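Biologist: Hey, got a minute to go through this model with me? Pull it up and I'll fire away.

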Amino acid sequence: MGTFIEPLILYAVLFFRTSTGIAPSGEAVEFSASAEMARIFLYNVPSLALVWYLLLKVKSLKEWDVFPAKRDLIPAVLALPALILIGLTISLVSHHFSGIPSGTRFLPPQTAVAWGILALSCLSTAYLEESFFRFYLLSKREEMGLGPHRAILMSTLLFASCHIYEGPWGFLNAALSGIVLAYVFLRFRSLHGIALAHALYNIVVYTLGAL
């Protein structure tokens, strides 16, 4: 049980507020460039630094083999279409179940500068979530005595819980996407590939919302 303490404390500190702080009201939330910049530098960056501080206490960057390389493009190219397909399928299916509440809707930016801030936010959020939910948790699975499938289940449930504010459909989308990202990570051991796919998917969602 002791090996689960650090991951659970880290999850509670970094992500518990995210999973409970926004009610799935279905209301639209305007994009705020200033609020997004604050979130990037006051939450995303410090949280990412904490995750990597704990990882680097165990191994160096070279030992973790996380320097960007051309091989990262393959998992990105594989994961991104899968994420888009999951998102589009859930969007189409959800229209036939009007009784199930939708989650909070985030409106797209209105200016070029705001879109740039959004892209930075999507990238930093993707790296934070992939560093914890995939790289950190799945790299510690043997230490926690978990096989690959049980580790993927734990990673996916925690990841999906952080998206519960998006309502049942958002939770399902995050769960299915989390499974895809976990399997791709275990197959290719590419943090940058899945983080890039995750960030681009989020940007695509905002872009489709602007059309």
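Modeller: Sure, go ahead.
Biologist: L88 then: is L88 buried, exposed or partly exposed?
Modeller: L88 counts as partly exposed, because its relative accessibility is 43%. Buried means under 20% relative accessible area and exposed means over 50%, with partly exposed in between, using a 1.4 Å probe and protein chains only.
Biologist: Before I trust that, what am I looking at?
Modeller: This is a predicted model, where local features need pLDDT of at least 70 and side-chain atom pairs count only at pLDDT 80 or more, while totals for chains, interfaces and linings use all residues. Residues are numbered from 1 along each chain as its sequence is written, and side-chain values use heavy atoms, with hydrogens and water left out.
Biologist: OK, and which helix is L88 in?
Modeller: L88 belongs to helix α4. Helices here are DSSP runs of H or I with at least four residues, strands are E runs of at least two, and the numbering starts at the N terminus.
Biologist: How far is L88 from V205?
Modeller: Their C-alpha atoms are 9.5 Å apart, although 117 residues separate L88 and V205 along the chain.
Biologist: Now L176. Where does L176 sit, and is it buried or exposed?
Modeller: L176 is part of helix α7. With 36% relative accessibility, L176 comes out as partly exposed.
Biologist: And how far is L176 from M37?
Modeller: That gap is 29 Å from C-alpha to C-alpha, and the two residues are 139 apart in sequence.
Biologist: Switching to α5. How many residues does α5 have, and how far does it reach?
Modeller: α5 has 28 residues and runs 38 Å from its first C-alpha to its last. That is close to the 40 Å expected at 1.5 Å a residue, where the expected span is 1.5 Å times one less than the number of residues.
Biologist: Where does α5 bend?
Modeller: At S131, by about 35°. The bend is the angle between axes fitted to the seven residues ending at a residue and the seven starting there.
Biologist: What about S131 itself: buried or exposed?
Modeller: S131 sits within α5 and counts as buried, because its relative accessible area is 0%. The C-alpha atoms of S131 and I194 lie 9.8 Å from each other, with the two residues 63 apart along the chain.
Biologist: I40 next: which helix is I40 in, and is it buried or exposed?
Modeller: I40 is in helix α2, and a relative accessible area of 2% makes I40 buried. From I40 to S124 is 7.0 Å, C-alpha to C-alpha, for residues 84 apart in sequence.
Biologist: So what does the largest nonpolar core look like?
Modeller: That core holds 40 residues, and F15, V51, F132, F133 and F135 have the most contacts inside it. A nonpolar core is a set of buried Ala, Val, Leu, Ile, Met, Phe, Trp, Tyr and Cys residues joined through side-chain atoms within 4.5 Å.
Biologist: Which helices feed that core?
Modeller: At least two residues each come from α1 (2–20), α2, α4 (73–94), α5, α6 (148–161), α7 (167–188) and α8 (191–210). The largest share, 7 residues, is from α5.
Biologist: Why would those side chains group like that?
Modeller: In soluble globular proteins, nonpolar side chains tend to be buried together.
Biologist: Last topic, backbone angles. What is phi at D65?
Modeller: Near 55°, which is positive in a residue other than glycine. Most non-glycine residues have a negative phi. D65 lies in the loop joining α3 and α4, and at 44% relative accessibility D65 is partly exposed.
Biologist: And what about phi at R189?
Modeller: Phi of R189 is near 50°, again positive in a residue that isn't glycine. R189 falls in the loop between α7 and α8 and is partly exposed, with a relative accessible area of 35%.
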